[in-house]
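Welcome to this short briefing. Please take a look at the sequence and the model below, and keep them at hand while you read.

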Amino acid sequence: MDLYQFELSAYCEKVRLALDAKGLAYRKVEVTPGVGQIEVFQKSGQRRVPVLVDGAETIADSTAILHYLDRQYPDAPILPEDRRDRALCWLLEDWADSVLTPQAAKLVPLVWGGDAATRSALLPDGTPEPIKTLLGAVPQELFSAISTGVGGGPETLRTARQGVETALMFLVERLEDRAYLVGDRPTVADFAVAAGTLALKVPAGPYLDVPSGLRGRGVPGIADSALYAPFFEWRDRLYETVRTPGASQGTPPTTSGPTPIVIES
Ligand SMILES: N[C@@H](CCC(=O)N[C@@H](CS)C(=O)NCC(=O)O)C(=O)O
């Protein structure tokens, strides 16, 4: 299978978690934002990633891909059998995709830099240097791929931040005495929520093909807050359970025929 993707896209990460949970081998095809999306459009009739190509099947949209995978590869199901659990799963996945993920993505500028006025309006004194300053141009390019639609002044960011923090508070409560959001094994709800919070804190483990300096970094006051630590610990346990580092293959961003390489984690 080929997964057309952006490495730091939450919707792509959601699909990768599902592929990993099912133990399905796949090859990452890193898409160059803009020009690379022409190929995505030619393949799928729309320009967004993720797009999964599985033999003759081409599927766009993370939710459609996860449901396709569960139908096509029923081993290690990622949807609960119980219809009430299924309903809750659907609701949580939809909420994560349409509310949590876009709100978290709005905070991306705070991770890699943002303008000075926004940072000083929103971040406490003594906040560490932005990642952009620490690591140079590469991360900005990585983040810009997922920053489509991100914008607005400090007020928009403040609202997004409040929404995210409220959600994290309730997620901490929900996960206090359970390993998974619904039922007793990982489901689409876990993948959508874990992936949707990628922009808040990049997992510290070797789970993504990103510069090592990005690992464990995130939105100041969220990624490093004791209040939300139980959530990120839950997410780390989920990664330990479902992801084998280096199991997938990747290709560098390209618009022509991909050349397979293994990306070192
Ligand atoms: N509903 C879609 C959303 C996909 C999406 O928004 N992808 C973003 C990357 S995070 C994208 O491709 N943005 C580029 C664009 O809109 O041109 C899904 O769940 O897959």
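## Unusual backbone spots

Let's begin in a loop: aspartate 61 is found between β4 (57–60) and α3. Keep in mind as you explore that this is a predicted model. The points below start with the backbone and then move on to helices, a strand and cysteines.

**Backbone angles worth a look**

- Most residues other than glycine have a negative phi, and most peptide bonds are trans.
- Aspartate 61 has a positive phi of about 85°, although it is not a glycine.
- With 44% relative accessibility, aspartate 61 counts as partly exposed, because that class lies between buried (under 20%) and exposed (over 50%).
- Alanine 76 is also a residue other than glycine with a positive phi, here near 50°.
- You can find alanine 76 in the loop between α3 and α4 (83–106), and its relative accessibility of 39% makes it partly exposed.
- Glycine 45 sits just after α2 and takes a positive phi of about 80°.
- Which residues does a cis peptide bond join? They are valine 49 and proline 50, and omega is about 10° there.
- Proline 50 belongs to the loop between α2 and β3.

**Two helices packed together**

- Two packed helices are described by the angle between their axes and the distance between the axes.
- Helix α1 covers residues 10–21 and helix α3 covers residues 62–72; they pack at an angle of about 10°, with their axes 9 Å apart.
- Angles under 35 degrees count as roughly parallel, so α1 is roughly parallel to α3.
- On the α1 side, the contact is made by Tyr11, Lys14, Val15, Ala18 and Leu19.
- On the α3 side, Ser62, Thr63, Ile65, Leu66 and Leu69 take part.
- Sorted by class, this contact of α1 with α3 has seven nonpolar, two polar and one charged residues.

**Helix α2 and its buried side**

- Which residues of helix α2 (residues 37–44) are buried? They are Gln37, Glu39 and Val40.
- These buried residues lie on the same side of α2, because they cover an arc of only 150° around the axis.
- What covers the buried residues of α2 includes β1 (2–5) and β3 (51–54).

**Helix α10, enclosed by its surroundings**

- Why is helix α10 (residues 188–196) described as largely enclosed by the rest of the structure? The reason is that nine of its nine residues are buried.
- Among the buried residues of α10 are Val188, Asp190, Phe191 and Gly196.
- The buried residues of α10 pack against α1, α3, α4, α9 (154–174) and α11 (229–242).

**Arginine 27 in a strand**

- Arginine 27 is found in strand β2, which spans residues 27–30.
- Is arginine 27 buried or exposed? It is buried, because its relative accessible area of 17% falls under 20%.
- Arginine 27 and methionine 1 are 26 residues apart along the chain, and their C-alpha atoms are separated by 6.1 Å.

**Cysteines and disulfides**

- How many disulfides does a search of the whole structure find? The search finds zero.
- Cysteine 12 counts as buried, at 0% relative accessibility.
- Cysteine 89 is buried too, with a relative accessible area of 0%.

Key:
Residues numbered from 1 in each chain as written. Predicted model: local features only at pLDDT ≥ 70, side-chain atom pairs only at ≥ 80, totals over all residues. Heavy atoms only, no water. Disulfide = S-S within 2.5 Å. Buried < 20%, exposed > 50% of the residue type's maximum accessible area, 1.4 Å probe, protein only. Axes fitted to C-alpha atoms, helices over the stretch in contact; angles between N-to-C directions. Helix = DSSP H or I, 4+ residues; strand = E, 2+ residues; numbered from the N terminus. Parallel < 35°, antiparallel > 145°, perpendicular 65-115°, else oblique. Contact = heavy atoms within 4.5 Å. Nonpolar A, V, L, I, M, F, W, Y, C, P; charged D, E, K, R; others polar. Arc of directions from axis to C-beta.
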